[in-house]
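Visitor: Could you walk me through this model and tell me what stands behind the words you use for it?
Guide: Gladly; here it is.

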Amino acid sequence: MIIDCHWHVLFDDYERVIQTSINELKRCGMDRCALMFHLDLYQKEGDLHRQGEALKKVLKDRKEYFVPFLTVDPNVDFGIVKEGVEEYVVKGPAVAVKVHHSMKADRKEFEPLANLLSMHGIPVLIHCWYKTVQKYENESDPSNIANLAAKFPDLKIIMAHITGCGFRGIQDIAPYPNVYVDTSGSQPEDGIMQYGLDLLGADRILFGSDFPGRDPATQLGRIYSLDMSEEDRNKILGGNSVRLFGGAF
Amino acid sequence: MLIDMCGYLGHWPFRKINNNDVESFVKVMDDYKINLSVVSSLNAVFYKDTMQGNEEIAEEIKPYSDRLVAFCVINPAYPAWEKDFRTCIEKLGMKGLMMYPYYHPYRLTEANAIRLANLAGEAGIPVHIPVSIINVRQRHWLDTTEILNTSDFIALIKNAPNTDFIVSNGATDAIAAAAKDADSKRKGKVYYDFQRVEVFLPSFERLLATVGPEQIVLGTGNPLQYLDTQFVKLHYMDVSDEVKDLITYKNAARLLKLA
């Protein structure tokens with residue numbers, strides 16, 4: 001089973017992109033992809049509700065293709081965030097939360113969301129990168145993720161973009177078993193994925209492409225380049241996603 | 001048959017690289033059934049005198065003359081560059097030229113750069129200009145933040161009308177679209193690799209529609225990048241075997257003037 005845990009769908013054009021996504025899934029022999037709406041970075045009050053209703057609409061007759069996420073901006077009033085998470089993740093249909101680069105993950109203001117997700121056992125995928133140029137103002141780097149993981153050991157965190165995080169980023173989160181990484185990010189630079197596999201083990205790596213930033217073929221190629229057992233490869237390609245996002249299956 | 005138009009030997013100064021010596025490099029080629037690979041010296045990019053790197057690589061690949069073809073790295077802002085270029089082609093047997101305007105202190109619009117590209121055309125060898133070597137976002141602090149300037153590149157191909165060019169490791173679909181009009185009026189041609197072009201997104205289709213299958217080549221970036229990525233993309237390309245053959249070796253063979 002191949003599951004892509006990092007797949008964006010442009011919210012304003014989601015009906016068309018959903019169909020494209022299903023076509024691409026079939027074309028490359030994948031079973032499912034994340035359904036992660038891409039909205040404005042800093043969300044407006046009604047965005048969680050709009051997303052939640054759109055998820056319900058899409059999943060009504062296409063549930064078998066997706067692992068639904070709710071994209072959350074922790075800057076929004078926590079009362080609204082809590083209501084949205086409870087309405088559309090705890091009750092469903094979403095099974096996980098995506099946080100983009102609107103707030104660093106170890107900020108005090110992030111804690112209410114982390115606590116809520118931890119309490120309900122909801123995994124969160126967080127954009128992350130160690131950059132020396134072109135860094136976004138509120139973008140998390142792996143040290144922020146490590147700090148969050150230390151504060152919330154029961155929160156399941158997927159640190160996005162392994163190649164962007166690099167060797168040092170993998171080292172940062174290695175001591176925290178509640179942190180996973182996805183295979184997306186940048187060009188398929190040699191050595192980094194293998195280092196992640198060696199240090200973290202196959203149980204903590206999830207196939208994710210960051211579509212439409214990069215396509216699944218590029219990221220699948222990284223996985224096929226690694227020296228590992230069939231069992232480990234299957235965990236990375238989909239087994240770990242089934243384990244983490246069980247509610248979607 | 002597979003010909004890889006984009007390989008490197010030598011040290012990358014900003015992080016440890018595996019399989020960057022000639023024996024390991026050829027072993028990787030064997031693993032991926034790559035028959036022939038074009039290589040150039042990473043050391044040459046960063047040595048003050050690129051010629052030292054060119055001489056190193058010419059010596060290193062001698063035992064593998066049936067598997068490796070060397071391109072020289074020339075900095076046209078450095079003294080005696082023209083003599084170095086001629087030495088590389090006439091004495092060291094190099095089959096192409098690498099230009100790095102974002103690592104060396106010149107622009108492609110300057111007289112010496114134009115003259116160098118024209119000399120390559122006169123020698124019947126291609127000029128390869130990578131869009132970048134790595135993604136600049138996670139670069140080392142001392143590394144460049146620049147990549148290939150498309151406008152300068154288009155100016156260069158106009159100024160070197162008989163020279164063949166190769167552009168690799170970037171948004172080659174977009175560069176091909178921007179350069180299409182200029183390239184159509186030239187005797188030389190611009191070839192593009194699909195190292196950073198995606199096959200599920202429309203970028204490969206756009207590249208193919210813009211330049212046709214005769215001007216696309218395989219480039220892996222070995223050993224800087226995982227090779228399977230390019231082969232997975234090849235697997236999923238929705239093109240005929242004839243087109244795949246052009247992309248994977250026939251165009252490269254023509255460009256390198258292989259029998």
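Guide: Let's start with a term: angles under 35 degrees count as roughly parallel, over 145 as roughly antiparallel, 65 to 115 as roughly perpendicular and the rest as oblique. This is a predicted model, where local features need pLDDT of at least 70, side-chain atom pairs count only at pLDDT 80 or more, and totals for chains, interfaces and linings use all residues. Residues are numbered from 1 along each chain as its sequence is written, while chains are lettered from A and ligands numbered from 1 in the order in which they are written.

Visitor: Why are helix 5 of chain A and helix 6 of chain A called roughly parallel?
Guide: Their axes, lines fitted to C-alpha atoms over the stretch in contact, with angles running from 0 to 180 degrees between N-to-C directions, cross at roughly 10° and come within 9 Å. Helix 5 of chain A and helix 6 of chain A are therefore roughly parallel.

Visitor: Which residues of helix 5 of chain A meet helix 6 of chain A?
Guide: Contact asks for C-beta atoms, placed from the backbone, within 7 Å. Among those in helix 5 of chain A are Ile145(A) and Ala149(A), and the partners in helix 6 of chain A include Cys165(A) and Gly169(A).

Visitor: What makes the radius of gyration of chain B agree with a compact globule?
Guide: The rule, over C-alpha atoms, is 2.2 Å times the number of residues to the power 0.38. For 259 residues that is near 18 Å, and chain B has 17 Å, so the two agree. The C-alpha trace of chain B spans about 50 × 45 × 40 Å along its principal axes.

Visitor: How many residues does each chain bring to the contact between chain A and chain B?
Guide: Chain A gives 27 residues and chain B gives 27 residues. On the chain A side, helix 8 of chain A supplies the largest share, 7 residues.

Notes: Contact = placed C-beta atoms within 7 Å. Helix = DSSP H or I, 4+ residues; strand = E, 2+ residues; numbered from the N terminus.
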